[in-house]
Amino acid sequence: QVQLVESGGGLVQPGGSLRLSCVASRSIFSIYVMGWYRQAPGNQRELIAHITTGNRAIFADSVKGRFTISRDVAKNTMYLQMHSLKPEDTAVYYCNTVPEEFGSWGQGTQVTVSS
């Protein structure tokens with residue numbers, strides 16, 4: 001039932017930064033574990049970061065040390081702050097519950113890292 005809308009993607013050079021936002025149609029971040037997923041062309045969708053209801057952040061090895069996940073419960077919004085971007089970070093980025101069955105997939109936002 002919850003609607004999730006991702007935004008903030010774009011074209012960035014290697015080494016650059018972007019901040020992605022995920023806005024939910026209702027309060028959900030205090031109820032479920034939420035995460036950021038990404039899917040590159042021809043690849044499986046992968047979970048790269050998630051945040052627990054206790055505000056603990058967990059990252060995949062591929063982004064650890066470069067990405068930060070956070071949330072603003074009052075604004076029904078989750079963020080992914082990305083630094084030191086690499087071409088292999090190029091993908092469509094989605095937010096959803098973890099596990100995904102509790103939520104729904106939005107349109108995603110495209111991140112392209114290229115010089």
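Reader: Is Y37 buried or exposed at 7% relative accessibility?
Author: Happy to start there: this is a predicted model, in which local features need pLDDT of at least 70 and side-chain atom pairs count only at pLDDT 80 or more, while totals for chains, interfaces and linings use all residues. Residues are numbered from 1 along each chain as its sequence is written, and side-chain values use heavy atoms, leaving out hydrogens and water. Relative accessible area, taken with a 1.4 Å probe on protein chains only, sorts residues into exposed (over 50%), buried (under 20%) and partly exposed (in between). Since Y37 has a relative accessibility of 7%, Y37 counts as buried.

Reader: Why is the pair of Y37 and W105 edge-to-face?
Author: Rings of Phe, Tyr and Trp (its six-membered ring) pair if their centres lie within 6.5 Å; planes under 30 degrees apart are stacked, over 60 edge-to-face, and the rest tilted. A search of the whole structure finds three aromatic pairs. For Y37 and W105 the centres are 4.9 Å apart and the planes stand at 80°, so the pair is edge-to-face.

Reader: How many residues apart are Y37 and W105?
Author: Strands are DSSP runs of E with at least two residues, and helices are runs of H or I with at least four, numbered from the N terminus. Y37 belongs to strand β4 (residues 34-39), whereas W105 is in the loop between β9 (91-97) and β10 (109-113). The pair therefore links distant parts of the chain, 68 residues apart.

Reader: Which residue lies over the face of W105?
Author: W105 is partly exposed, with a relative accessible area of 30%, and Y37, Y94 and W105 form one aromatic cluster. A charge counts as sitting over a ring if NZ of Lys or CZ of Arg is within 6 Å of the ring centre and within 35 degrees of the ring normal. One charged end sits over the ring of Y94, 5.1 Å from its centre, and belongs to R45. Over the face of W105, at 3.5 Å from the ring centre, lies R45.

Reader: What is the order of the open sheet of four strands?
Author: Two strands pair if DSSP finds at least two bridges between them. Four bridges join strand β1 (residues 4-7) to β3, antiparallel, and β3 pairs with strand β8 (residues 77-82) over six antiparallel bridges. Six more bridges, again antiparallel, join β7 to β8. The order is β1-β3-β8-β7.

Reader: Which are the edge strands?
Author: In the order β1-β3-β8-β7 the pairing is antiparallel. Each edge strand pairs on one side only, and these strands are β1 and β7 (67-72).

Reader: How many residues of strand β3 are buried?
Author: Strand β3 covers residues 18-24, where L4 stands opposite A24 and L20 has L80 in β8 as its bridge partner. Strand β3 is mostly covered, and of its seven residues the buried ones number five.

Reader: Which residues are linked in a network of salt bridges?
Author: A salt bridge is a side-chain nitrogen of Lys or Arg within 4 Å of a carboxyl oxygen of Asp or Glu, and the structure holds four. Among them, E46 meets R38 at 3.0 Å, N to O, and R66 meets D89 at 2.7 Å. R66 lies in the loop between β6 (57-59) and β7, D89 in the loop between β8 and β9, 23 residues apart. The network links R38, E46, R66 and D89.
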